[in-house]
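Good morning, and thank you for coming. I should like to take you through one structure, with attention to its strands and its aromatic rings.

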Amino acid sequence: MIPFVSIVLPIYKEEKFIEKCILSILAQDYPQDRMEVLFVDGMSPDRTREIIKSYEDVHSNFHLIDNPEKTVPFAMNKGITASKGEVIVRLDGHCVYPVNYVSVLVKYLYELGADNVGGVWHTLPANDSAECHAIAISSSHPFGVGASEHKIGSKEIKQTDTVPFGCFKREVFDRIGLFDEDLVRNQDDEFNARIIKNGGKIFIIPELEINYTSRDSMQKMRRMYFQYGLFKPLVNKKLGTPATIRQFFPGLFVIGLILGLILSFLCCWIAWCYIGVLALYLLIGIGIGIQKARQYKKIALVWYMPYTFFNIHLSYGIGYIVGLYKVLFNKKFSVHTNR
């Protein structure tokens, strides 16, 4: 028997992307009569709801659900609660999916005895500007995001700590609970860490590439990475342990920048080491920029790449430090939900 699949999409203000996403869902080779699609919308003020309703009128398996709380974990929990599938697939309205996305995920979910499986991101620039290319490249480069396999890619199917837009057996939610509604960001990381903590398995399926459009400005990118860093300490507190080791490096980078500068005034040897480390960081960024400038025929990438890497690391690191402060002193976590 072919498992019935419930696709849940948390969405908000996606009028520029939602139709392409919908068309990729309609193009899936998984039987449409064994699939429902739940769009959980944060009361979008743009044309997002209008576009979805136009498809809902034609496709009986499309359903629009209101999410006045606006955040992703509330959306996921509303969608899962309203769904009827044996398998839950979490998608994002900002992406386009290959035609075999659902069928391949369901296949491997059962073949591997997994609790969650997911593909990899193919990060695309929001437009053809050098700034947007730099954001897309940095967000999928090891120097920018470390060993995050769903962002930098993987050559083989293997167990991992997290995947984007997972495919879950419904029984997982019955066993370990729903998404944590305190986590405006990083709710996927926390849920995946909870799966592993409870003896579950997560696999990355590299043959499935998701076309993900990155942020269209440096300001939006900085805000996104600040929020990622901000909520990591809260995730760690809830889990009782760090989800990954790589999360610490941006925070240490920021602390190193500050302490190194202060100590440089006390000892010339420290000052020279500090300058040397910064010079090496800059040279690595410029080297990657030269390579990408040749690849994409955009000379501006030579200086945009080190600038973008620095913004990612600084934003995430500052966010992490602020989040740690909030956890230690029981301060409230809150962020703006716009993209």
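I shall begin with the basis of the model, then turn to strand 4, and then to the ring pairs.

This is a predicted model, in which local features need pLDDT of at least 70 and side-chain atom pairs count only at pLDDT 80 or more, while totals for chains, interfaces and linings use all residues. Residues are numbered from 1 along each chain as its sequence is written, and side-chain values use heavy atoms, with hydrogens and water left out.

Consider strand 4, residues 87-90; strands are DSSP runs of E, at least two residues, and helices are runs of H or I, at least four, numbered from the N terminus. Strands pair if DSSP finds at least two bridges between them. Strand 4 runs parallel to strand 1 (residues 5-11), with four bridges, and antiparallel to strand 8 (residues 167-169), with three. Isoleucine 88 has serine 6 as its bridge partner and stands opposite phenylalanine 168 in strand 8.

Phenylalanine 168 leads us to the rings. Rings of Phe, Tyr and Trp (its six-membered ring) pair if their centres lie within 6.5 Å; planes under 30 degrees apart are stacked, over 60 edge-to-face, and the rest tilted. The whole structure holds 19 aromatic pairs. Phenylalanine 168 and phenylalanine 173 have centres 5.2 Å apart and planes at 65 degrees, so this pair is edge-to-face. Both residues, phenylalanine 168 and phenylalanine 173, are buried (under 20% relative accessible area, 1.4 Å probe, protein chains only; exposed is over 50%, partly exposed in between). By contrast, phenylalanine 179 and phenylalanine 191 are stacked, at 4.6 Å and 25 degrees.
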